[in-house]
Amino acid sequence: MSSENKLKETISVLNSLIETSKDGQKGFSKAAGHAHAPELRTLLESYAADCEKSAAELQACVISLGGTPENSGTAVGALHRGWLNLKASVSSDDDLMLLEECERGEDHAKAEYIKAMQAPMSGEVRSLLQRQCDGAKVHHDRIRDLRNQHREAETI
């Protein structure tokens with residue numbers, strides 16, 4: 001693969017991750033707006049800010065590579081947020097539902113980062129993606145643990 005093609009592929013991968021990060025930002029913000037527990041709302045708002053920061057870092061990287069960065073999320077992400085709204089409006093336990101949906105979103109983000117890491121790219125870009133992938137894993141695991149705690153509390 002020529003260096004020009006590698007560069008184009010790297011920019012494409014980064015732009016895909018920008019969309020994923022924007023989806024995460026919007027999804028966490030939407031979930032925070034529906035959260036009942038103040039601690040959960042605060043956590044989700046901080047995760048939305050983390051996703052916004054990740055998107056900005058990826059956009060700066062695309063620009064530094066000479067590309068044009070994406071600036072919005074995906075249609076699938078918008079659909080997911082619409083589903084989140086519908087479920088929140090009919091669910092008797094909104095916080096558990098929000099945690100389940102947030103975990104599902106982070107499952108997607110983790111998978112996208114893992115897939116992206118397979119593409120050829122410079123060490124600097126790979127380092128950025130690894131750091132962001134690690135962050136998505138931390139978010140996922142914290143959301144999963146909160147979901148499990150919430151489920152356990154229901155059975156007591």
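Which helices are included in what covers the buried residues of α2? Keep that in mind as you click around; we'll get there at the third stop. One thing to know before we start: the model on your screen is predicted.

**Stop 1: the whole protein**

Show everything as a cartoon. You should find five helices and zero strands, so to speak an α-α-α-α-α run when you start from the N terminus. Now switch on the surface. The protein exposes about 8300 Å², and carbon and sulfur atoms supply 54% of that area. Of its 156 residues, 42% count as buried. If you display contacts between residues at least 6 apart in sequence, 77% of them join residues at least 24 apart.

**Stop 2: helix α2, end to end**

Select residues 38-64, which make up helix α2. Put a distance label between its end C-alpha atoms: they are 39 Å apart. That agrees with expectation, because 27 residues at 1.5 Å a residue should span 39 Å. Then step just past the helix to Gly66, which follows α2 and has a positive phi, near 90°.

**Stop 3: the buried side of the story**

Stay on α2 and show side chains for its buried residues, among them Leu40, Leu43, Leu44, Tyr47 and Ala48. Further along, Cys51, Leu58, Cys61 and Val62 are buried too. Now for the opening question: colour α1 (3-34), α4 (94-116) and α5 (123-155), since what covers these buried residues includes those three helices.

**Stop 4: salt bridges**

How many salt bridges does a search of the whole structure find? The search finds nine. Here are some to select.

- Lys53 and Glu57: their side chains meet in a salt bridge, 4.0 Å from N to O. Both residues lie in helix α2, four residues apart, about one turn of the helix.
- Arg151 and Glu100: here the N to O distance is 3.0 Å. This pair links distant parts of the chain, with Arg151 in helix α5 and Glu100 in helix α4, 51 residues apart. Arg151 counts as partly exposed because its relative accessibility is 36%, and Glu100 is partly exposed as well, at 27%.
- Arg144 and Asp145: the closest N and O atoms of this salt bridge are 3.1 Å apart. Asp145 has 32% relative accessibility, so it counts as partly exposed; Arg144, at 28%, is also partly exposed.

For a last click, add Arg131 to your selection of Lys53 and Glu57: salt bridges that share partners join these three residues into one network.

Methods. Residues numbered from 1 in each chain as written. Predicted model: local features only at pLDDT ≥ 70, side-chain atom pairs only at ≥ 80, totals over all residues. Heavy atoms only, no water. Helix = DSSP H or I, 4+ residues; strand = E, 2+ residues; numbered from the N terminus. Buried < 20%, exposed > 50% of the residue type's maximum accessible area, 1.4 Å probe, protein only. Contact = heavy atoms within 4.5 Å. Areas by Shrake-Rupley, 256 points an atom, 1.4 Å probe, with all protein chains shown as cover. Expected span 1.5 Å × (residues − 1).
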